[in-house]
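Trainee: Could you take me through one part of this model in close detail, and then show me how it sits in the rest? I'd like to start with a charged side chain and its partner.

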There are 2 protein chains.
Amino acid sequence: MLFVTLREDPAEAEIPSHKLLLRAGYIRRIGSGIYAYLPLMWRVLQKVSQIVREEMNAAGAQECLLPQLQPSELWKESGRWETYTKAEGIMFSLIDRQERELGLGPTHEEVITTVAKDMIRSYRQLPVNLYQIQTKFRDEIRPRFGLMRGREFIMKDAYSFNENEASLQKSYDAMDQAYRNIISRCGLAYRAVEADSGAIGGSASQEFMILAEAGEDEVLYTEDGKYAANVEKAVSLPKDVEQSPFTTYEKKETPDCNTIEKLCKFLECSSTNIVKNVLYEAVYDNGKILLVLVSIRGDQEINEVKLNNELVKVADQYQATTLLALTVLDENAQKKWTNKPLPMGYISPNLEDEYIASGEYIEGKFLRIVDKTVVDLENFVTGADEINYHIVGGNWNKDFKLPQLVCDIRTAMIGDRAIHDRSQTLASARGIEVGHIFQLGTKYSEAMGATFTDENGEEKPIVMGCYGVGVSRLAQAAVEQSYDKDGIIWPVAIAPYHVIIIVPNIKDKNQIEVAENLYNELNKIGIETMLDDRDERAGVKFKDADLIGIPYRVVTGRSLKAGKVEVVTRKSKESQEIEVTNLVETLHNWVEQAKVND
Amino acid sequence: MLFVTLREDPAEAEIPSHKLLLRAGYIRRIGSGIYAYLPLMWRVLQKVSQIVREEMNAAGAQECLLPQLQPSELWKESGRWETYTKAEGIMFSLIDRQERELGLGPTHEEVITTVAKDMIRSYRQLPVNLYQIQTKFRDEIRPRFGLMRGREFIMKDAYSFNENEASLQKSYDAMDQAYRNIISRCGLAYRAVEADSGAIGGSASQEFMILAEAGEDEVLYTEDGKYAANVEKAVSLPKDVEQSPFTTYEKKETPDCNTIEKLCKFLECSSTNIVKNVLYEAVYDNGKILLVLVSIRGDQEINEVKLNNELVKVADQYQATTLLALTVLDENAQKKWTNKPLPMGYISPNLEDEYIASGEYIEGKFLRIVDKTVVDLENFVTGADEINYHIVGGNWNKDFKLPQLVCDIRTAMIGDRAIHDRSQTLASARGIEVGHIFQLGTKYSEAMGATFTDENGEEKPIVMGCYGVGVSRLAQAAVEQSYDKDGIIWPVAIAPYHVIIIVPNIKDKNQIEVAENLYNELNKIGIETMLDDRDERAGVKFKDADLIGIPYRVVTGRSLKAGKVEVVTRKSKESQEIEVTNLVETLHNWVEQAKVND
């Protein structure tokens, strides 16, 4: 068996789970964001996959395997080729020897919709749910954290095909339950949260977050359990507005007040009295560029995911379908399009369109968007479109025209009140997204012509859902949720082995004999057992066993004279002596119980 | 369940297995050489994979998973980047967003050797054998025959790491046995044959061929079972030389004798009296080009695989490591390098180097290679280096200088006598290569610096072997070996389901009830069973069942009144009536027996 552990923390790793998987010999880095899964890791991945498979099959889904190489034509049909290969650039693409373009699948909506188009004709074939467990590819800008954000990773992706929205809701609910079962069976603590649908598209979507401090995602939730959402999607009530100290409209000199903090201090007002204005440049997929002027309350932050979604909603006004880039324009960046650049803090919501001097920008006008938080402000403070000056005591419809496009584009924050119940406030947790389910609707089936004939003989686009589990990410997330200073603590259900038998002294024939017998007996009844009979000091073996995180350690040591072996539970570090004759049965019971209770 | 069969043969398919897999709804084409494995196919692939896994584990190998994206640096270390991406061009390559080159793994010697270099230090860790079951990529010039020669396919590849050649031989023998077990357990007829090592390199290698008429490979073997080889590698004794009708050296006018056949007729001699000379251009990987003049007996054919190997052997004389291309030069093609082009039939083995007028060619000299068959010829016929003239009655060392490089570069043929026993003659069979095992030696470990410390403290390169099974190809080869006019006949061990229950009349409640009960009971004890309760005519269902090739068909039809069901064995088409109460036990026995006997 290839078994190599490291004493030192590897320099390349930033978070505990990544360090531990490298040190314990589970993975090796082959390139940026590219890892080899060594035998111990592969056993974990197979266990996670098997749990996923069982729950998917139980929910009536059927396993298949779709190609990783995907002809560009399919992605051009759905309209995602440019976004995925150029704009976001997350899809690897290549040219084959026939000079044809191919992409390496980051997801499979296009391929599966093509298969459905070919095979599904009638409502009598519906609903159908097809899934696969497969290596996916993403050319991440910053691959990091080991398997968490790799460029090559294992996913389970499923696609449901339904007659109508009601049937889709059933498939979606079944997947919701299957995902809860999967994560629970893996022995992990998680939270299901509302989520943004991103580039996949569609309406409702929900993420499954493994709770862990090093999680890349922020989850906002209420203690009553009735609300939980990814911060990208979360909504809430902002805190109350304080009374404005200004009562009349006035232009004030405000030198060096280019941040909200400096401005509040200088004017002696609350940040809730300020209308903050931020300029963005939005690039659409047809190459058109739009200047966007966003207004939000001074104490709030713009949620760029929400802003992005609003800009996609209006894309058809500009003959575009999606957004390729969204960038904040500081004074320097403004020089591209205006002769009169302004430091960001001094802009007003009514900055004149005449500021736009360059003809490259759509219509030569700002798209003005205001967040709901500024609509009811009175006597507010805002920029004067002139450096070192602000307006105080401003009011909509009197001093400023309220832009027509009013939306929720603010970032919900810890401490905000919940919308469903004002007495609940939002708490925050860090999570690792390991699952995401989407109601796609007819986005792909319409674009690609995947239709069926319904009961009345009418041809309709198939209603679709898609459902993903990050298998390799889940495996590492388990470590991130469960480790201590000595190493990994695997939940029993996904541990590479259940038991490790350590022979402290391999020159002692009795120790070896008992260990080998137990090893054979345990494996025979399905208790997956490793035997550490290396010629190493007992201390080294104990350290390695703790590091690789096998749930139960059996030591054929001194107590053997009394017919007993020492058994240490990795998680609790509890040690007990158990009769050799009872060991197999005891461990069998422990393992079965732990699979349920972990 | 997604279940769609086609009545018509799909136009894209050329061989029976490809047609059947498409018609029966096992696979769908997504692009050139790229297929989706639908649920029935996936079940077959999982069964083959599981048999492979069990045999590999039993042989002491450990499963892992290596990345598909492979940094070009690794392939440059081994020296294969140019050959694989440019010359042969079988590796897909791409540029990532950091402008780094990556290849899509067609094989994993480079990656696994890197892992071994990192993890293996001491002889005490050896031997080790790591394997994976994974999708591989090859940018085939002509993808065809469905899964037989796809651009994306599933392989099991294993790599052994050994201290020395003796240990490698043990690992190699264990893999040989594991491969025989795998193919036998899949229920297939095969032949293990000596093979050429090709671009993988190394010394000994052996292929496993599934016997089938549509096989792309030709196998030569003797009836005594002691010799079998791929025609690329096969050796034999050529037939005897006939007495030459010429006794004296003479230059004869031979108009329009540019083929062996015409020449024999004109001169009234045997083709065994002729020294045939063929010009090749060989391009080495450092860009150097060599002109090669090959002489072989007139009745024999040049084996370009063997010739290629000989040219690689002398590559270091030209500061090269491998060959990129080997092309025959006809009269027209000769114009690139000579002012005096000759029709191929009129060249002599001693064609003067002065013919080479262009300076692009290495040393301005021919590399002259003669096949063993011409060495002992006397009074032979050969070209006169002049159009419409041949030499007759020629002899080596008198009229012609025998070139120094003498090798076996002839193609063995059906009817040749065997080397191990002159009484045996070679017979020929067509086969589909599904497995290939190689003794690599230290080719990769030396190039990439993967060393270990031996018992005496000396640092040595690890001795390697590599072992591949084409999992998806094997699955299709099974169909190619086993089908009839009505469809596929799966061996029980790899059939997607063991049993299909057909309800002839779904309006008959008794039929449905009995069928559903049997379906549940059979599945409960592990007899994988499908239930066809579609609202279709019974005839359609019977045809579909035959087409998809499920081993046992159970029909809950008329005989139900007598408490019986009809059971038809797909392979023999035998039908019998079996008591409903005995059915589960009977089928259980049949399935278990068939797994052994198929």
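Mentor: Happy to. Let's start at R534(A), which counts as partly exposed because its relative accessible area is 25%. Please keep in mind throughout that this is a predicted model.

The partner you are after is D544(A): the two form a salt bridge, with the closest N and O atoms 2.8 Å apart. The pair links distant parts of the chain, 10 residues apart, with D544(A) in helix α14 (residues 538–548) of chain A and R534(A) in the loop between β28 (529–532) and α14 of chain A. Is D544(A) buried or exposed? D544(A) has a relative accessible area of 7%, so it counts as buried. The arginine end of this bridge, by contrast, is partly exposed.

As background, side chains of opposite charge can pair when their charged atoms come close. Chain A offers further pairs to set beside this one. R368(A) forms a salt bridge with D353(A), and here the closest N and O atoms are 2.9 Å apart. R368(A) lies in strand β17 (residues 361–371) of chain A, while D353(A) lies in the loop between α9 (331–334) and β17 of chain A, so this bridge ties together parts that are 15 residues apart in sequence. In this pair the arginine is the buried partner: R368(A) has a relative accessible area of 19%, and the cut-off for buried is under 20%. D353(A), at 22% relative accessibility, counts as partly exposed.

Another example is R138(A) with E140(A), whose side chains meet in a salt bridge at 3.0 Å, N to O. R138(A) is partly exposed, at 27% relative accessibility, whereas E140(A) is buried, with a relative accessible area of 9%.

Salt bridges can also join up. In chain A, a network of them links D484(A), K485(A), D486(A), D546(A), R553(A), R570(A) and K573(A). Over all chains, the count comes to 80 salt bridges.

Some of these bridges cross from one chain to the other. The rule finds 4 salt bridges across the interface of chain B and chain A. If you want to look at a cross-chain pair on screen, try R151(B) and D96(A), whose side chains meet at 2.8 Å, N to O. The interface also has 17 residue pairs in polar contact, both residues being at pLDDT 80 or more. Each side puts in 56 residues, from chain B and from chain A. Together the two chains bury about 5000 Å² between them, and 62% of that is on carbon and sulfur atoms.

Now let's step back to the chain that holds our starting pair. Chain A has 15 helices and 31 strands, and its C-alpha atoms fill a box of roughly 95 × 65 × 50 Å along the principal axes. Of its 598 residues, 58% count as buried. Among contacts between residues at least 6 apart in sequence, 68% join residues at least 24 apart.

Polar side chains without a charge are worth a look too. Q70(A) is found in strand β4 (residues 69–71) of chain A and counts as buried, at 0% relative accessibility. Its side chain makes a polar contact with the side chain of W75(A), at 2.6 Å. Beyond its neighbours within four places in sequence, Q70(A) is in contact with several residues, including L102(A), G103(A), T107(A) and H108(A).

You may also wonder about bonds between cysteines. The count of disulfides over all chains comes to 0. Why does C269(B) have no such bond? The closest cysteine sulfur, in C264(B), is 4.5 Å from its own sulfur, which is too far for a bond; a disulfide needs the two sulfur atoms within 2.5 Å. C269(B) is buried, with a relative accessible area of 10%. Over in chain A, C186(A) counts as buried as well, at 0% relative accessibility.

So, back to where we began: R534(A) and D544(A) form a bridge at 2.8 Å, one end partly exposed and the other buried.

Note on methods. Residues are numbered from 1 along each chain as its sequence is written. Chains are lettered from A and ligands numbered from 1 in the order in which they are written. This is a predicted model: local features need pLDDT of at least 70, side-chain atom pairs count only at pLDDT 80 or more; totals for chains, interfaces and linings use all residues. Side-chain values use heavy atoms; hydrogens and water are left out. Buried means under 20% relative accessible area, exposed over 50%, partly exposed in between (1.4 Å probe, protein chains only). Contact means heavy atoms within 4.5 Å. Buried area is the accessible area (1.4 Å probe) that two parts lose on being put together, summed over both. A polar contact is a pair of N or O atoms within 3.5 Å; within protein, one must be able to donate a hydrogen and the other to accept it, and residues adjacent in sequence count only if both atoms are side-chain atoms. Helices (H or I, at least four residues) and strands (E, at least two) are DSSP runs, numbered from the N terminus.
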